[in-house]
Amino acid sequence: MKRFTCVLAVLAIVGLAASIASASTIYPLNPGFETPDTTGAVEGTAANSSWTSLYSGDASGDYNRKFYIMDAAWASGAYSGGSWSGWVGDQVAQMLNHASINQDVGGFLAGPATVSLLAIKTSGNAANPLTVKLDDTVLTFSGLNTVTPPAGYAFALYTSDPITMTAGTHRLSITGLVKATFGEADTSTTIDAVSITTIPEPSALALLVTGLVGLLCYAWRKRK
Ligand SMILES: [Ca+2]
């Protein structure tokens with residue numbers, strides 16, 4: 001009878017665990033680019049933004065590839081040629097040309113993960129794609145291997161297709177467009193509100209809970 005009770009408890013808790021196994025959102029540091037606080041634009045660096053910014057400064061063949069943190073209200077309007085809408089907080093980040101930023105993000109659960117961000121095209125080519133990677137894997141967005149915001153001034157939310165990750169820490173990187181030629185006009189995409197959603201694998205969670213309840217039952221029977 002006691003064993004039967006234990007089995008019932010295990011089954012009930014496994015069912016409960018499966019039903020509450022839900023998506024969990026984790027954020028990189030400075031996910032909305034609110035620091036450093038600025039009234040204009042500042043070039044982001046590892047020291048003041050939590051993001052590691054590659055390619056700071058001019059470079060032969062692909063000059064002016066920079067990562068800027070900027071006040072959104074300041075940037076909207078005269079600077080960008082149109083009024084922006086849809087950002088979060090008061091600041092955003094601009095990826096100019098082949099800018100590239102990355103950050104190691106902890107808290108991944110084993111199982112599928114997606115990356116979301118807001119983006120708008122802010123100058124240059126018809127569409128300014130961004131490449132988003134987790135470790136060395138290029139994420140796809142509705143099957144495309146880039147985030148490609150259309151022309152316009154409203155930030156739109158882009159969420160990657162899920163990829164399976166291991167638990168722990170992974171490197172998130174975001175890279176702007178490589179210009180085709182040295183003389184080509186500058187091109188930029190502006191981003192905000194970066195987040196990652198991880199979904200625990202129900203099988204792993206169920207195994208964990210089953211083991212835990214089994215141990216509790218064993219301890220309870222031994223005490224009796
Ligand atoms: Ca923001």
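Biologist: What makes E6 and E12 a pair in this predicted model?

Modeller: E6 and E12 share seven bridges, in the antiparallel sense. Pairing takes at least two bridges, so E6 and E12 count as paired. One spot to look at is glutamine 103, which stands opposite leucine 172 in E12.

Biologist: And how do you know that E8 pairs with E12?

Modeller: Same kind of reasoning: four bridges join E8 to E12, and at least two are needed, so the two strands pair, running antiparallel. Threonine 131 has threonine 175 in E12 as its bridge partner, and lysine 133 stands opposite serine 173 in E12.

Biologist: Why are E3 and E9 called edge strands?

Modeller: The sheet is open, with five strands in the order E3-E6-E12-E8-E9 and antiparallel pairing. Strand E3 (52-54) and strand E9 (137-138) each pair on one side only, so they are the edges.

Biologist: What makes the 36 residues a nonpolar core?

Modeller: They're buried residues of the nonpolar kinds, joined through C-beta atoms within 7 Å, so the set of 36 qualifies, and it's the largest such core here. Among those with the most contacts inside it are Val92, Met95, Val115 and Leu117. Strands E5 (91-96), E7 (111-123) and E13 (188-198) are among the elements that each supply at least two residues, and E7 gives the most, with six.

Biologist: Leaving aside neighbours within four places in sequence, how do you know what leucine 117 is in contact with?

Modeller: The C-beta cut-off is 7 Å, and Tyr158, Ile191, Ala193 and Val194 meet it, so those four are its contacts beyond the sequence neighbours.

Notes
Residues numbered from 1 in each chain as written. Predicted model: local features only at pLDDT ≥ 70, side-chain atom pairs only at ≥ 80, totals over all residues. Buried ≥ 20, exposed ≤ 12 C-beta atoms within 10 Å, placed from the backbone. Contact = placed C-beta atoms within 7 Å.
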